[in-house]
Structure formats: structure tokens, C-alpha cells
Amino acid sequence: MRPERTFLGWNQPLPALAAEWLLDRAGGCGCLDLSRWLLIVPTRQSGRTLRGALCLRRPEGFLAPRVVTPMELYGEGRSAAGKAAGPTARLWVWIQLLLSEEGGGENALFPREAFQPDFAWALRVAKSLCEAQDILSEGALSFARVREEGSHPEPELWLRLARLEERYRAILADGGLLDWMETRLEILRVASWNFDVDRVALVGCPDPHPLAVRLLERILRDEVCSVLIQAPEEVADGFDGWGRPDPAFWRRREMPFLPNTRIYAEEGALTSRAADLVAANRSWDAVTIGVCDSRLLPFLRLTLEERNISAFDPGGISASGSEWASLLADLRELLRQRNLASFRRLLCHPAAAGWLGLQQIGTERSFLLERLDRAASRTLAQDFQSAARQEPGLEPFVERAQRFLSEAEAEPLAAIRRLLEESFDGKGDAGSQRLLCEELELALEEMEALRSSAKRRLDAAEYLDLLIERICQQHLPEERPEEAVELRGWLELLWDDAPHLVLAGFQEGAVPEAIAHDFLLPSSFRERLGLRTNAQREARDAYLFEAIATQRSERGRIDVLAARFSREGEPLFPSRLLFRCPAAVLPERVRQVLDVRNAPQRHQPASTDSFPLVIGPLRWEGEKRISVTALRDYLACPFFFFLRRARRWEEFERLPEELNAREFGLLLHDVLADFGRADEMRECNQSEAIEAFLRDALRRELQQRFPEGTPPAVALQSRAIQGRLAAFSRMQAKEVRQGWKTLLVEAPFELRIGDWQLDGRIDRIDRDSEGRIRLVDFKSSERALNPEAAHLVASGKGQGPAAALFLWKGREFRWRDLQLPLYAAAWRLREASCPELRVAYLVLPKEREKAGVVEWQSWTRELEREAESCAARILQAVEEGRFWPPERSAEWDREPWRFWFDGRPAEIVAAAPGPLG
Amino acid sequence: MGVRRRSLPLPLVPWDRRNVGESLSIDRCCLIRASAGTGKTEELARRIVDLLRCGVEPHRIVAVTFTRRAAAEILDRVLVKLVEQAETDGTGGGEDRGGGARNALASLQAFLADLPRLQLRTIDSLFQRIVRVCPIETGLPESFQLMDEFEARELRRSLLGDMLREGGKAAAMLAEAVGRLTQGEDGKSPWMLLDPLLSQFWEAYQEEPDRERWGGEALCRALIPGRRETDGEGLWQEIARRLSVQVPDRRDAWERMRAVLLAYRGNGTAHRLIVNILESYDPDSGSCGEFYFQRRKIVPDPEMARLLGRLATFWLQNSLEAACERTRGLASLLFGFRARYRRALHSQGRIAFSDAPRLLRELGAEGGGLDQELWLRIAFRLDSHWDHWLFDEFQDTSRAQWRALELLVGEAIQSTEGTRSVFCVGDGKQSIYGWRGGDRRLFEEIASRYEGGVARKTLSTSYRSQPAVIDLVNVVFGSKTALEELYGNAGRAWAKDWEPHASALSGASGYSCYLEVGSDSGEPPCREGMEEGAGEETEEERSSPVDSALVCLIREIIRPAERELSCAVLVQTNAWARRLADRLRKERVGSVFLEGEIFPGADNQLGRLVAAALQSLVHPRDTLARGWLQASPLGDGFCQEWEKNGWRILYGKGFQGVVAEILGRLRTALDDFGKERAVLLQEMACRFDQTGSRDVERFLRYLRDQPVRLPEMTGAVQVMTVHKAKGLGFDAVVVAELEQPVRIRSRLLEVDLPQGASRLLLAPAKTIVTKIPELAKAREKAQKEELFERLCVLYVALTRARRELYVVAEAPPGKRKEPRSGSRSAAPTHRDLLRRTLVAGESRPLRQVSGMNVFFERGELGKPERQEGLSNDEEESERLPPLAFLPRSVRLTPLAPSRSSEDRAAEFFAAGRPSGREFGVLVHEMLARVERADAGSLEPLRRIASATPSTMVEEAAAAALRCIESRTCEAIFAPPSGTIIWREKPFEALLSGRWISGIFDRVHLFLEPNGSPASAILYDFKTDREPLERGEEGLLARYREQVGLYRAVLVRMTALRIEKIRAILVWVGPQRLVEVPPSLAGSL
Ligand code: SF4
């Protein structure tokens, strides 16, 4: 066809101009008939706009024209020779090639000295190669053709690429598929299409794909193709026959500096200005935000949302954030890791609920999560089956996941199919859902077609990778709100007819857009190959800018917003189009552009607490029973005690690899208790024998805890325990030689104070040859502790609850802990005629030589009695609800408590008064 | 602004003229030492302008900066300069730019035209740019992503997690490494052991992956002499024997110490006795002198001295051996980690900042330099030839970075062509990044490497600080003797390059002072040196008397909010900064920020609320988080609802949706602060959502740990470490934390071996190091560096102030406690230097703050005038009038009634079943081919239908054919002549304001004689493959609405009355016709 240009002018929006022009040329008998027209528009969205414009002018209805995008001229991609390969098939084949032998070896594209290629890597490189192919398609080129063209400094590279490409085609052919480019070249060769039309027009399409133009040129050589250009005759020189802006012309063309151009220091100011501009409108429908830089999109949406302005992107939203994308990703993780974490994540995923049978079985998710956590911290098992074995409630779900895993192993594609079917079932038939399903189905078909020619079998996780890749490229239609501001990309703006246009992110690199495919096709090379050049892009964008500005110059408004720094602090620069002006005024223009609008100096609001926590009433509501160790919390801070002991607020700590400090201590305790209980060891004074016994005991304890084998990190920990046990053995042997014998271990006791009952457990009770008794508590903290310092502190430093203070030897002291004294008191109750009583820590710190029994040197009976009365004072206070105010205590500085209360509970909490206060 | 330049016009080889036009009339290698605030950026921008004016193409220039701000600023300045020059040129008053080959306007045009290829980058981004074009060489995909600190940390965590989980050989290797590292002193948590080691040494290891360098055999052999003390037990016994004679009352103590003495291997805090003995040990004589043992001085007889000496050697050997072991353990840990890390980089396609220079260096690894061919290829891919290199803040370039840069710049340095040049601007006095590899000596190295003339220049006139501030700086750093006495070699090195500063801001004087806070201010003095163990026992927060004085100082004198000043409190360590910020916040001195950063996820109630909701969702057992949530205004009701909906919201709308939901539920109105935090939280969530991750735990970590950087703010107090303040300026600056002695920070010593090579060693305790000459030397070297850097830190701190500088130290303890004179071990503190240089004569008490004395004072406290430009024409032009544009004309989305029964979404996946829709489309296509059922038009259909093998296409053709040829449908394909037939015609129409868009399958239009429509039949083909039981009724029910709409459209289009239009469903499969009565299809 030969082009015939028509200049529509640019004082009005393009859809209106084009519609008028078409209606003037419509045929029809009785009713308006455009059905013999084929209209080529740049995008589907612009086609919709055009149809809408026509409809608005002929509301009674008409037979519509065929509207296609340039590349749709090539049809659906089915030709006599076969079906064109879809994106997934292309990636699949490249991946196969990259990972198979041809990829490595002497002539490899990627020498493999530096690294071991894997699927994920291959997927990325495959994408990059597909991109290169797409760029080359602009010139109907292939890798082989590029090689023939020569002039690249790396001819061997292109030779290898050409060879790979050959194999790529062969593999596709095996699967009954044709390379995308091949089908098009074939169509080009036979110069035919499937459109039964009389007239053809290329409408408002300044940058058609070069291949499409080629086809137009080839087909129906004698016919005319109307080229509708939104521009006045005066700039006719600015376009070639097909309406493409001419670089030479547009480079010289001067651009106006629009009055509403604003350069902001930071992108945040830019988005909020855009929102202001929308908000200033009576109707949001009158505004379009041209999102020149797609990076801005999420933040623009956010800013609009904050102002309660609904936004609508006719192009849809990326499916990469949809729950389906995350479902596939979670499944992939399960397949790869098979661990608890990935199983857990699937349990949380609402889209997996149906498939896992969550509703069917009717279990609460939180209940399951709780069980999982419990199982996990108990077993530290990595694979979910063994972790869940101890929690019967989890069984059915584990089974389903397990079944999927084994099916996926045997027949990955079929298993994925089944799973998708089950997951999508009952999820409704919304348009976006359907679109995704279609896309996934196509991808599955492509992969199935190729399966037999696989050099390397893909596993299910890898198939999922490809599916995820596929749907992440999709955009899902979104519901259009009643009234909304439209968000459109830069290239869509020519077709936008909103009277008010806000250009957000008018930056260098976005307008004109910088194409980067530097590794194979740097820009100067692209130019040499005759592909679309940066100069062409720049000309197009200069034209677009002028066209969209001019059409609003009388009846509308255009705001140009750019920023100097991105939100991440990356420097930006306004588009160079802003500098298109006569040399004489260039300096002035540069000054204008550099005139950055500082957001008004932000005066930071002082921090406040948005709300208090309301906790109360401060009352002890349980039974009057408490453990001795709990008193320590009260001594530290009554309010902390209240939260932890009365309200039972407890953090959940899970270290997925190793035992946490508590479990570590418990394990050590248990081993030592085993030792203490062993009668035969009671009088043993040989450290080697003791150590041997303990090592054995440790092994037994570990076996019991981890029947499936000790996790590696725990093995490291058990070595730490062994070290401590060795130190213990030496120390123990010495103690025995000095006459100390173990009387009892883990002796539980109850101590009544007032009508309260205190519970506790004495780790070990020793007696020496002279009948002296020693109560011992095991301490496994990393550093050696001293019992006196741990229990008492001179009260000068810091405060503490009143109940903790007492006078002793004329000085004021404060209790920090009552543990050992109360042990003593409890023991004395049991053995009324107790002779001399000592209390001690048995410390087993990291440094072995510091292990040993540390007695409380200055221990006296007096302290024991004082401790009892302190306990009574505390219990009294607890009963009276004296939990407020909080004390400054280290407890509040420990994570996660510090996080939740910011180290200043008194300010964050508005405590409801207790009974007395 | 005239710059005096020594021009060295260089002869050009003829072919070069094509690149530069004219010969370069500027210095080819230029090194500029620019003190703080003297306009490094300005100098660099000027250089670029000179290059441009000389005719250099912009894309041949590479300017490397350290911050992105600096890069942007340079760009601006270049533009402004060119504009200014062009304007003066324009008015005819242009200065003659020497050999300027290009006028300013042309230069400006050239510069702007080349914007996309301009290389004005941070050093990191330059490296990334290069690595990105080398996917073949590096194996990294071109699309690799850059990890930010959070992501890099997450990756490290997950790799360490993998390491700890993996069994088998890997576990055995790890266990071995850990064994060496801990030397039998395993802690409870492997994670707590390994994680800090990785974050501390990983970078260093990446630079030095040669394992032999890490405490290798050679080191051990070199440092431990041939004859070894192995029998510690024997020594101990013998000493015990002698001790019982010489000092009988210490015998028992010695006995009791056995285990401790024999176990000592130079790790952790040694027992006092060990330290004492070691201190008395003289390596030369190999024996010990007098030492204290439980407060008793022991003077050993010669034999005992020798024995003790042997014991000391025993310890030294053991310690050294242990240190080597530990170092090797560390190296093998890092080695194992490295393999995993590299694998992860390739397969995840991500790198961290520090990886880029390393990768680049590895490209050039073979043959010592980037080979010419490879560089050509890279240049081709980059579309660039870089001839002119400019470096900003050169002192911060690390060895590692330089080794990579050298590959690129080396040629420019060595080249004798006149077309290449190098320009560095930096300040050795500000090299405070030594700890992460900054190397101030590079400056000199370049100068020495450069062949030919090097132009040097020194800038010492500050454009930032007012005279009073500069005065103080000059006094402190101008004293050579004080520097030398206190800082030894480091001080000497510093003084060598010192030049007094001047201030260009002569208009106002500014203010500076040195203050000391007496210890009588009622607070206990700061307890120094409690590096470890503070966690478990100490309840009391460490504090310094300076704290409360600072509070007063800010509140009473600086008054940043009231006087609209930006104000910073600069300290040296993170811990101090944190503590001080806490304190200032609690004292409510206004808004206080730490490190110029805020943590929106952790520093306010809203962030905690989000965290509480998510934590209780993901871990129902966390009753703390749940309790917190219940105690929040959202309360119990929300908790229960949340448990049900939380996951759905998360997966449907991402974390952004979650944050919106939670904050949206708060009924309390938020104040300014709350609103701001709410916005920041939303943004954080939005940013996190970009990663596509729905991992709640990861998000919670992100929420807690991810800071948001704030720009300079007036009215607020920013507490920060000097390192963070680098490159910034503030109206008022308080410098504190000056009384800490210098500690060696790096635990890794670089030990020179006798043979010349050097090795790395995890240093044992200081007591040990000082007794082994090689280690002592290494330590001294490190110390000198450290001291020099400390001076730099002080210098940087003092030069941040624009107008007011307050230097605040705690008064030294009373005279009695003066440190033992002559003992060089007492490291100098900044306070020592300040006292030496600033304190002269009497002090006066500061009126407003009790206990604070002024020792030095310059300038006066004036009323600050707001700098112009900051309070620019404010909002005025920004305020928007209400806009009343009409809504755009087309704003509807078309309603396209469903033409066919489509499969339910899930049914797409039923294996082996071709989609019903695709079949339907094909059948429609076939039917549309036939206008009339004559042989001519049926022939092609027949041909297709009879083809084998039979696929969906053939099936569709057969179905169409069966339908066309069937009795019931016959008439459809044989309408009376003169009938207008539409086949497969799309249409558009507006129906009661609704835009209807559809396709007529087949319409027969009968005309009046006059040509206007008389009546019509609308046929709609249906390909439903449903079983027939529900039959026509079902079909009717399904399509009644669609056909109704179609008929209504046709009514409008043809202007016929509705009764004149029949609508018939053609059920293709069973070949049935179903008439749709008009009453049911009432027009809409
Ligand atoms: S080793 Fe211990 S248990 Fe065995 S006999 Fe000797 S003292 Fe008794």
C-alpha cells in the first residue's frame, strides 16, 4: 500500500478529530457502516478510545470498523507451517540451550569457569536473549543476519549466537512451533493478510513497529493507506510518508516552555503536587496523569489513595502483585525447600486454602499456625513432614502437600495442572481471573508441546518459574471506579482527551525513554543495524510533547512535573526536551529548569504517641499461686510483672536453626539432673567417668528430643554443652573429693506465705561429710555469675519498688531476686532441724576454667528471713494491685519488650487503676 | 572567580585532533587538596567546564563522586557556570578562556545534547554500569539487581541459615571451623557467634580470599621460635615449689589458680595475675621482673624469673597458636560462605555494592590489567571512550575500589598523549573511612605514578564556616607540638600537611566555644571501658554528666526551633548517639533525630500497631504482640476479625493493603506527627510490595530495621556520629563524646613477615600482642592509622558548623587521679588535645547552664538571619485555583455482553480438553465465511473438514458444514435475493447511556422498495456443547439478555420497531433454532 497523509491539526484531541474524519467517510444503507474499514492504532487502549469517540458521535449505533494494533496485522500467529511460539516456549528453549552441553564447552556463549550455571541464571539470560531478538525484529533481523552484517567487534560471539539460534529453531520445530520472527517473515514474503476490508487507515500512530510498516508496504501495492496525523499541515515536513516524525526536523524544532512546568527537589513533592492538581478539579474525570516514568506509578497511586482520590489505569495492574503470582511462588518454594517455612506459608495463603482443604476440614488457620510453631520449636526439623508428625491436627494438610510433591515429582506438568484447577475452582469468574487462566493454560500448552524435545527435564519448581514469569508480564484489568483520575503511560497520551493533563516524572531517561540492551546491542550498534534509533525516539517524543501540549493550549491545562531526586535518592534530571529552544535563550531556559522548587522547609513535628495502650484493670485475678522466679519480675518492675505474670504476655521466639537460650539451658539442666539421679555416680570422684556418663546422658537427651537426628546447628550447640559438662566433671570430682555429695536433684517445693503458695524447684541439694547442706542452682549463662550480686544491690543506684528495699547492717539494700533465700526457707520447712545451710550457684559459663560452685559468701539467716518478708511484701502489693508506675528496669530494654514499649512504658501505657489506685 | 592555572599546553598527535578539536590547554594531571568546606565540588565543576570549553566531548568525561547528592550538585554547577559564561559572552564581556576551543554557549549545547551519555556518577554506580555490560565475562545476567543494605543482610542471614542447616560434609566443615574459632569455648548460640563474624569480616575476606593469608602456617612458623614450651604443667609445679619457699602465703592461691593459668590462650579477659606476669616479662632476656600477686609485690629470684619467663613464653606461644587457629577457623568459615554467596549471586541475579568493584577486578585479574581487547569490547558496549577522569573525595577511595579503578584509569595516568587527563580532589584530613578501606595514601601514589607535570593546589578558604568556627579549628589543629606530643607519629603526619584555614564569610563572625562540664552536676561519671557484659547485669543506663548539660545548652542557648536553625550533635560512636538521642527525646528538647534517620516502623505507636497486628497474625502464640494489639484502640473485636481476614487482605492487596486496613481502623484523629508516620509506613509497605514478597517475618524485620533518611531540617536536633555527618553542614553544631581514648577497632592485624610478605591475624589480647615484636609492630602501625583517623574525625566534626560551634567535654577527674605520667599506654583523648590547645588561663561559668565552664570563646552569639533562598516565595505560586474542566468525552468502558458460554476459569486446566471458547471462535469463523450456501462457498469448508488428521480446525469446519446443510438451518443460508446480509459485523452503540460493544453473527435486513429497512432477522450462533436435557430453555435463559441487547441495538440502528426484528438463536451442535420473543427482550 502506499501511504497518503492527512493532517488533522492539533487543536483538538486526536480521538475527536479522527472520529469526525472517519464518519465523513462512512458508508451504509439505512445505518452507518464502518465495517469495511481497517484502522491501525498504536495500542488496544487507543482503539477503545477511538471506538468510544465514534460511539459518542453516533449514539444510535453503527457497524464498527476493524481496529487493530500494528503487529496484529500479522494475525494470530498461526500459519500453514505451524503455530508461533509463545513467550514461554521461547524462554523454555533458550533455557534448554543455555543449560545443555552446547551452552558450555569450548565455544560456549558463557564460559563456565567462574560459576556453575543453574536454572534461575539461565532464565534471566534467556529473557535477555529474547529481548535482543525482539529488538532485532524491528529490522527483521536474526542473530545470524547480524553476524552476516558484520562490523561488530566480537564476531565470534555472534557466530555462537547464530549457532544457538539455529538450534533454538530446530527445537521449536520439534514441538510443532515456529519462531515468532519466522512466521512474520513468511507472512511478509507472501504478502497476505486475513482482513476482508476495503479501506485502511493508520491513525495517530507515530511509532509503528517497523515490521508492520513493511507489511503495509508489501500488501496491496496499489491501494492507498490513509495515514492520519495529529498535526497541522504546517509541520508536514516533520513526518515521513507513514507519519513517523523525522529526527532532523524535530531536532531543530523548538519546544515551548510551558507555564506550568515545575521541577521539584524530590519525587515525593512531585507526586503530592500531582495529587493536588487532581484534587483542584471539580471532576477527577477531567484529569489524566501521564505517568512518564513507570517507577512512579505505585507511589502516585499511594499518594492519590491518601487523598481519597480513586485512580484508574486502563492498562490494568500488573499481575505480579496478585495472589496468584504469590501462590505460584509459594508452591515453588515448597517444591524447592520442602521445609516447614514454605509449608507454613502455603497454609497462610488464602488461595491455597481450597486446595489444602482448609475449609473442608474446617480448622482455624491460627490454630494450625500455633501447632506448627510448637512443633517447629520443639523439633527444629527442617522438613515439614517430620515437624508435623508430632502434631496430629496437621496431618491432613501435610498429606495433601505431600501428595502434591510426589505427584509433581512423577509428572510435574500434570500435577501443576491439577493443582491450578483445584485452586481456581470456586474462585469466581472475574475477567482478570479468566485472563490469568487463559495465559497459564497457554503457557502450559507450550511447555507440553516441547516436553518431548527436552535435553534436560525441568522439574516442577522450574515449570512454576516459567509460569510465574509468564503471568508477571500480564496486566489485569481493574474495576473502573465511579469517578476516577486516569493514569496512563507516556506513549498512550497522544490518544488521551482529558482536558487537564498532568505529566508526572518528565525526566531524562523516561522521555525520551532510554533503551538499554548494552551487552549485545548498544545504541550505536543498533543504529548501524538500522533498528529504531534513539534519535527517532527523541523525534517521536518531541512530537508527542508538542501535540499533547498544543491540543490543550486553548481549552485545557497541562502541568509538567519533574524532580531532581528519586525517592531512593537517585539523582534525576528533567527531560532534555525542555531545552529545545533557540540558542539565544538557552541560558535562560537552563536557569528555568534548574530553578528547583524546594518543598517548603519541612518543620518536623515533634514525636507524639498517637494513642496510649489501655491496660487494666491492674488486678491479680488468678489463684494465689506463683513461682519463686516470678518474684524477680516484680522486683525488676511491678508493671512488667503484671503483664508477664498476671496477663501472661509472653513473646514468641523461634530460631529456626538452633535451640534458643531457654531450650539450651533446659537441655543442660536435664543432663545434669540425669546425672544427679544416677545413684551409682553419686560418690564418683573421677572426672573422666563423670564426663563419660554425662556425654552419654547428653546423647540420650538429644536422641529423645531429635529422634530423626540432631540438626547440625544443634550438634554445634551440643558441643558447647559438652564443653561445659567437661568442666562440670572436673569440678564435680573435686567437690566429691572435698566431701560434697548430691542429696537430691530437682527437688520441688511449695512455700506458703500468707495465703499464697510459692512454687519452686531446687536444682540440686548437696551435703558434705560434716552434714552441712548446700542448695545449688544451675546457671548456664555465658559468663560466671555471683549469687550475691545477682540477689542484692545497694539501693543507692536506681530505684526499685518499695517492697524490694530493706535495711541491713545499717545500709539500705534492694532485692533483685529472692530465689536462693526462698529455697533456703523452703528447705528449712522441710528439714526443720537443718544445720548450717549454704546457698550457691553452680556456674557453667563459656570459659571452662571458670566453671564451679560459687557460694554466697556473706549469706546469713538474717537475709533469709528478710527475703521471706520481702516476698510477703510483694505478695501483699500484688494483692493490692500495686503494679503502677513502672520502674526503670533493664527488662524494658530487652527485645522484644523494648520494641513494644519503647523503653518507656510509663508514657505509652494508660493504665486503668487497680483496686487501690 | 578567576582561577590561576599553570597551563601546560601539550602537543597532540595529529589523529587526536579529531577528538578534541584543539589541544588541551589545561593541566593533564591535577591534584587538589581541599580542606573542609572549601568547595571541592566547585573545583570539580570548574574543571569539567574547562574541559568542555577546550572542546572535549562530554561523554569522554567521567566524574566520580561518593554521594549521589554530590553528583547532582556537580551537574548543576557545571550548568550554572556554562550559563553564566554564556551570558557574559553574550554581553561581550566574556573573559578570555585561554585556549578555549569552544564558546560557552556551544559547550552548553554540547553538554545538554550528550546528557544521556554523561558519566557523572557515584563510584558505585560506575562500577555497576561496567559490570552490567559484562554478563558474558562475569556470568551475571545483564538485568542483575542491586541489593540495598537490608537485602544484603537478608541474603547473608539466609545463607548463614542454610549453612547451619546443611548436614553431611558441609556440617563437618562448619563444625571444624567453629571448633577452631571458639577454641573450646563454645557459646550457646552458633548463630550469635557466626553472624557478627560474617558482618565484620566478610568484606575484608572478599578482598583477600587467599586463605593462606589468614593466619596460615607461615605466620605461625615465623612467629613461634623453634624451641617450644610445651610442659605448662611442669612449669607451674616448679614455680609453685619455689613460690612456697619464697612467698609461702601465696602458695595456696597459686595452687588454686592452676586451671586458669594453664588454660590461658590469649582470649577474653585474662586473670589479673596473668596480666601482671606478662607485663613484667621482657622478651629480650626471656625472663620476668617484679610483679604483683594479690596486692603483694613479688620480686622473683633469677631462677624464678627465668621460670616465669618460660611460663610467659608458654602463654605467648599458646596464644599465638590459638590466634592463628582462630584466624584459620574464620577463614574457613568465610571460605565456605563465599562459595554459597557466589552461587546465590548468580542464581538470584543480585549483587551488593561491594561486589561490583570485585567483579570488575576479577575481569582484569589475568595478566594484571584489563586486557586491551576486553576493554575495547567493554567500551563498545558502553558506547564510550573515557579519557578524562575526575575524582571527588579521593581520600575515601578504598584500596579495593582503587584496584578496580586502576584498570580503567591506569592508562590515562600513564598516557603521554595530551588527550587524557586525571583530576583528583580530596582531603587527607577527612579520611575517616579507613575502617572500611578508605586509603588516604592513594593521593600520593597517583602523583608519583604520574609521568609528567602534576599540578597541585591547596584550598583552605572555607565557604561554609564563619570566622569564629574557623578560628577554633585553626587553634586546635595548628599546634604542631601538641599534636606531636599527644599523637606521636600520627600527629606529626597530620601537622606536616596542615595549612591554616580562612573563612570567606567575613560578613558575620559566628560563634565558637569550648566548654567543660564539671563532675559536680549530680550525675555519676561515665563508666568507661565496660565493653562487655554490660548487658546481663547492669540495670542502670550509662550516662555522662555531659548529657544534662547538653539538654540545657540546647534548650537555653541554641534553641534551634525558636531560632530556626539546623542543629546537629556530633558524637563518635553509635552507642553514644543512641543514648544521647534517647535522653534528649525524653527531656523533650524538641524533635530529635538519630543519625538523620528515622525508623517509621519502630519509633512510634502506629508502626508498632502494624507490627503487632502482623506478628499476632503470623504467630498466634505471641501473646505479647496479641496483648499489645488488644490493648490498642483497635481492641479485641478487631483482633478476632483480623484473624479471619488478615491473610486475605495481605495476599489480595499486599502489605500496603494491610497497613491501610490497620491504620484505617483507628478512629482517633492523628496529629501531624501521626499523619506523617502513617504516610511513611504506607510508603514503606508500598516499597516492600515491589519485591513481590508476602513474607510476613521478613516484612517485620524490614519494618523494624529499615530507616528513612531525612533531609536537613531546621528546628530539629539531629544526633549523629561524625561519620554520618560527613559532607553535611549545620547552622549549629555541638561536638561531644570527646573523652574516650582511642581503641584499636579492627581485630584483624596485618602482620609483616620477615620474608616481606604479610599475613592477617585475629589479634589476641593486647597483653600478648605487645610482647611479640612482630605483632607489636603491626599493632603500632594500626594504632598510628587509628590515631590519624581519630584526628580526622575531630577535624570533620569541628568543620561541620556554619555559624555556631560548641565543643563540650566532661571536665577531667581531679588532679589526684592523673594518669601515671610517662606511661605511653594511656591513649590520648580528644579532650587532651582540646585542653592543650584551647585552654589558656581562667574560665568563666556559663550563665545559663550550671556546672558548665567556658574555656575558649570566639565571636559572639548573634541573631541568625535566615539565609536567603531557603524561605523562597513559599506556597504562593503553588496554590491552585479550583479547576472546572469538563470531564473527558469518552470515559466509559464498553460493555461487551458475553457471546458464548465460556468455560469456567478453573476448567481451562482440564487436561486434554480444547477450550470451548476457541472451538466456538473457529465455528463462528467458518460460518461467517458463507454468505449463501452455494457450492462455491461451501467447497473450501468441505476441503478443510475432510482433512486429516483432524484437529480442532477440521472439527469446527465439519460442525459448521453440518449446520449449514441441515434442514432446520437451510433457510438461514438461502435468504431471498435483495436481502442485505451482515456476517460477523462488530457494532458499537450507546443504549440508555451505556456503551454496548458486540458482534452481530448474522443479520438479514429486508428493505422497503424505497431502500429503507422494512424488517430484519438477527441470527446468533451458539456453540454450547452442553447436554441437551435442559435444552432450549437453558439456552434461552443463558442468552436472553445478550440477544435482547443486540436486538435493542439493531432497533436503534435501523430505526425499525421492535416487532419488526426477529431474533433467533442458532444452536449449531444439535442444529436447532430458538426464537427469542421480543417481549422478553424488552429494550433497555
Ligand atoms: S570412676 Fe567414679 S564411679 Fe567409677 S569407680 Fe571410680 S569413683 Fe566410682
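A cavity is taken here as a set of grid points where a 1.4 Å probe fits but cannot get out, and a residue lines such a cavity if one of its atoms lies within 4 Å of a point. The structure examined is a predicted model. By this rule, 13 cavities of 30 Å³ or more were found.

The second largest cavity encloses about 80 Å³ of space. Its lining is made up of A:R90, A:Q133, A:D134, A:S137, A:L141, A:S142, A:E165, A:R169, A:D179, A:W180 and A:M181. By class, this lining comprises 5 charged, 3 polar and 3 nonpolar residues. At least two lining residues come from each of helix 4 (119-137), helix 6 (155-174) and helix 7 (180-190) of chain A. Of the elements that contribute, helix 4 of chain A gives the most, with 3 residues.

Chain A as a whole contains 34 helices and 28 strands. The radius of gyration of chain A is 39 Å, whereas a compact globule of 917 residues would have a value near 29 Å. The C-alpha trace of chain A spans about 120 × 60 × 55 Å along its principal axes. Buried residues account for 59% of the 917 residues in chain A.

The ligand is surrounded by A:C684, A:N685, A:Q686 and A:A689. This shell holds 2 nonpolar and 2 polar residues, and charged residues are absent from the shell.

In chain B, strand 10 (residues 388-391) is paired with two other strands. Strand 2 (residues 61-65) of chain B runs parallel to strand 10 and is joined to strand 10 by 4 bridges. Within this pairing, B:V62 stands opposite B:W389. Strand 11 (residues 421-426) of chain B also pairs with strand 10 in the parallel sense, over 4 bridges. Here B:L390 of strand 10 has B:F423 as its bridge partner in strand 11. In a regular strand, side chains alternate between the two faces of the sheet. In strand 10 of chain B, B:H388 and B:L390 point one way, and B:W389 and B:F391 point the other way. Residues on both sides of strand 10 are buried, namely B:H388, B:L390, B:W389 and B:F391.

Two cis peptide bonds in chain A were examined, each preceding a proline. The bond from A:V511 to A:P512 is cis, with omega near -10°. A:P512 is located in the loop between strand 16 (500-504) and helix 22 (523-528) of chain A. The bond joining A:E895 and A:P896 is likewise cis, with omega about -5°. A:P896 belongs to the loop between helix 32 (861-879) and helix 33 (897-901) of chain A.

Positive phi values were also noted in residues other than glycine. In A:R648, phi is near 60°. A:R648 occupies the loop between helix 26 (638-646) and helix 27 (661-677) of chain A. The relative accessible area of A:R648 is 60%, so this residue is classed as exposed, for which the cut-off is over 50%. In B:E564, phi is near 50°. B:E564 is placed in the loop between helix 24 (560-563) and strand 16 (567-571) of chain B. B:E564 has a relative accessible area of 41% and is therefore partly exposed.

Technical notes:
Residues numbered from 1 in each chain as written. Chains lettered and ligands numbered in written order. Predicted model: local features only at pLDDT ≥ 70, side-chain atom pairs only at ≥ 80, totals over all residues. Heavy atoms only, no water. Near = heavy atom within 4 Å. Nonpolar A, V, L, I, M, F, W, Y, C, P; charged D, E, K, R; others polar. 1 Å grid on protein atoms, 1.4 Å probe; cavity = no way out; pocket = protein on both sides within 12 Å on 5 of 7 lines; lining within 4 Å. Points joined across faces, edges and corners; volume = space filled by probe spheres on them. Buried < 20%, exposed > 50% of the residue type's maximum accessible area, 1.4 Å probe, protein only. Pairing = 2+ DSSP bridges. Rg over C-alpha atoms; globule rule 2.2 N^0.38 Å.
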